Amino acid sequence: MTEPIGVAEADTLIARHMPPFGIERVGLDQAAGRILRQTVLAEHDHPPFDRVMMDGIAVRWRETPARAYATAGVQLAGMARQTLAGEDACIEVTTGAMLPAGCDCVIPVEQVEREGEAYRLVNGYQPARGQFIHVRGSDCPAGATLLASGMLIGAPEMALLAANGVATVAVGAIPSIAIVSTGDELVAVDEPLGEGQIRRSNDVAMAASLRRHGFDRVVREHVVDDEARIGDTLARLLATHEVLILSGGVSMGQRDHVPAALEAQGVRRVFHRIAQKPGKPMWFGVGSQGQAVFAVPGNPVSALVCAIRYVRPALLAALGMTPAPAEMVCLDAAVDTHSMLTSFVPVHVHTDAQGMLRAHPVPARTSGDFASLPRTHGVVQLAPGLGPALAGTVAKLYRW
Ligand SMILES: Nc1nc2c(c(=O)[nH]1)N[C@H]1C(S)=C(S)[C@@H](COP(=O)(O)OP(=O)(O)OC[C@H]3O[C@@H](n4cnc5c(N)ncnc54)[C@H](O)[C@@H]3O)O[C@H]1N2
Ligand code: MOO
C-alpha cells in the first residue's frame with residue numbers, strides 16, 4: 001500500500017497528467033458559460049466615432065454663449081455625419097448620434113428652451129467645451145486586446161464578442177465524461193429498495209456539480225462489485241470517453257476491485273490515497289489513450305468533496321481556463337481539524353453585520369452523513385493542526 005500524498009501534490013500530479021480537451025467553434029448564442037480559446041481584438045476604435053451622450057443640441061463652444069442658436073438640422077443616431085453651418089447655429093442631436101462636424105459641445109435638452117426656429121440657453125447655463133461627447137477611441141483603440149484566451153465567457157465578455165463582430169467563437173471543447181457508480185448494494189432512484197440496499201446518489205450529485213460548470217456531456221452508469229463486469233464496463237467506456245469518474249470500491253474491502261480493474265485495463269495509476277479527510281482513498285490514473293480517470297471513495301460526502309476539490313478544477317483547467325483566484329472565507333466559529341490530514345469541512349456562507357463574508361462550519365458527523373449538506377454552500381480546506389481551527393481562521397472555500 002502506498003503512503004497518502006498531500007493535497008498540493010495531488011493537484012500537481014493531476015494537472016501534469018490531464019489531457020488537453022481541444023478547441024471547438026460555436027455560434028455566439030452558444031458561447032456564454034464556455035471558456036474562450038482565442039484572443040479578441042477591438043474591431044474598431046471604441047467608440048468608433050465621437051458619440052453624442054445626451055439628447056439636446058450640438059454647438060460650437062464659445063466663451064460667451066450665443067443669445068440663441070438657430071436650428072440648422074437634425075442628427076439622429078445611425079445617420080451619416082452632418083456639418084454645422086455657422087457659429088450661432090445648432091444641430092438637434094440624440095444620444096448615440098455622431099457628433100456633427102464643427103461641433104465640440106452638446107447641451108442637454110433640459111438646459112435649452114425653444115424660441116421659434118432657435119434654442120436659447122436656460123437662465124445662466126454655462127456649457128463646458130467638450131461636454132457630453134464620448135470621444136472616438138477613448139475607451140480603446142482599434143486592434144487593442146479586449147479578451148484573452150482562458151476567460152470564462154460571462155455577460156460582459158458576450159457584449160464584447162458581439163460588439164466586435166465575433167459571430168463564431170473558439171471555446172474549450174467539452175469532454176465526454178462517464179460517471180460510474182460501483183456497488184452491489186446500490187439501486188436506481190425508481191427501483192424498490194431491498195434489505196441492505198440504498199439508492200445510488202453519488203453519480204447524480206457529481207454530475208450536478210459538473211453540469212453547473214458547463215460539463216453537459218455526461219453519461220451515468222452502474223456496475224456491480226464483480227471484477228469481470230467492472231473490467232468490461234471500463235473497457236467500453238475508456239473507448240468512448242475522455243474522462244471517467246468512478247465512485248466506490250477504492251478502499252480496503254474484499255470487494256473493492258476498482259484500482260485492480262483499472263490497472264488491468266491499462267489505466268496507469270498516478271496516485272492512490274491523499275492525506276485528507278474525507279476522501280482519503282481517492283485514486284487517479286491515466287488511460288492508454290490519455291483518458292483521465294478519477295476513482296473517488298463511495299461515501300457520499302467523500303465523493304462530492306473529491307469531485308469539487310479535484311475533478312472539477314482539473315476539468316476546467318484542461319478546458320484552458322485561467323485559474324480563478326481562490327475564494328477565501330473567514331470562519332465564524334471554531335471547528336475540529338485532523339492532526340495529520342487536511343480537513344474539508346462543510347460550511348454555510350453568510351454575510352455578517354459588517355458586510356463581511358463568513359463561513360459557519362456545519363461538520364458532517366461522518367463521511368456518510370450527506371443529510372446535513374443541504375443549506376451548506378461548500379467546504380473549507382483546513383491544514384492539519386494541533387487543536388481546532390479557531391473562529392477568525394481564513395480558509396479556501398470550494399463551492400458545491
Ligand atoms: N479497513 C478500511 N476500511 C475503510 C477504509 C480504510 O482505510 N480501511 N477507508 C474508509 C474510507 S475513508 C472510505 S471513504 C470508504 C471508501 O470506500 P470505497 O470507496 O471502497 O466505497 P464503498 O465501500 O464502495 O462505499 C462506501 C459507502 O458509500 C456508499 N456508496 C457507494 N457508492 C454510492 C453511491 N453511488 N451513492 C450513494 N452511496 C454510495 C456505500 O454504500 C458505502 O456505505 O471506505 C472506508 N473503509
Ligand atoms: O476518507 Mo473517507 O473518505 O473518510 O470517508
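Start by selecting ligand 2, which occupies the second largest pocket. The model is predicted, and the distances below are computed from its atoms.

**The shell.** Next, display the residues that surround ligand 2: Lys 277, Pro 278, Gly 279, Lys 280, Pro 281, Asn 299, Ser 302 and Ser 367. Coloured by residue class, this shell splits into 4 polar, 2 nonpolar and 2 charged residues.

**Polar contacts to the ligand.** Select Lys 277 and look at its side chain: an N or O atom there is 2.5 Å from an oxygen atom of ligand 2. Move to Lys 280 and show its backbone, where an N or O atom lies 3.1 Å from a ligand 2 oxygen atom. Then select Asn 299, which places a polar side-chain atom 3.3 Å from an oxygen atom of ligand 2.

**From Asn 299 to Ser 367.** Keep Asn 299 on screen and add Ser 367; the two side chains make a polar contact at 3.3 Å. Asn 299 therefore has a side-chain polar atom 3.3 Å from a ligand oxygen and a side-chain polar contact with Ser 367.**Ser 367 in its surroundings.** Trace the chain at Ser 367: the residue belongs to the loop that links strand E24 (357-361) to strand E25 (378-382). Is Ser 367 buried or exposed? Its relative accessible area is 15%, and because this is under the 20% cut-off, Ser 367 counts as buried. Finally, select what touches Ser 367, leaving aside neighbours within four places in sequence: Pro 278, Asn 299, Pro 300, Val 301 and Ser 302 are in contact with Ser 367. Among them, Pro 278, Asn 299 and Ser 302 also belong to the surroundings of ligand 2.

Conventions. Residues are numbered from 1 along each chain as its sequence is written. Chains are lettered from A and ligands numbered from 1 in the order in which they are written. This is a predicted model: local features need pLDDT of at least 70, side-chain atom pairs count only at pLDDT 80 or more; totals for chains, interfaces and linings use all residues. Side-chain values use heavy atoms; hydrogens and water are left out. A residue is near a molecule or strand if one of its heavy atoms lies within 4 Å of it. A polar contact is a pair of N or O atoms within 3.5 Å; within protein, one must be able to donate a hydrogen and the other to accept it, and residues adjacent in sequence count only if both atoms are side-chain atoms. On a 1 Å grid over the protein atoms alone, a cavity is a set of points where a 1.4 Å probe fits but cannot get out, and a pocket is an open set with protein on both sides within 12 Å along at least five of seven lines; lining residues have an atom within 4 Å of a point. A molecule sits in a cavity or pocket if more than half of its atoms lie within 2 Å of its grid points. Ala, Val, Leu, Ile, Met, Phe, Trp, Tyr, Cys and Pro count as nonpolar, Asp, Glu, Lys and Arg as charged, and the others, Gly among them, as polar. Helices (H or I, at least four residues) and strands (E, at least two) are DSSP runs, numbered from the N terminus. Buried means under 20% relative accessible area, exposed over 50%, partly exposed in between (1.4 Å probe, protein chains only). Contact means heavy atoms within 4.5 Å.
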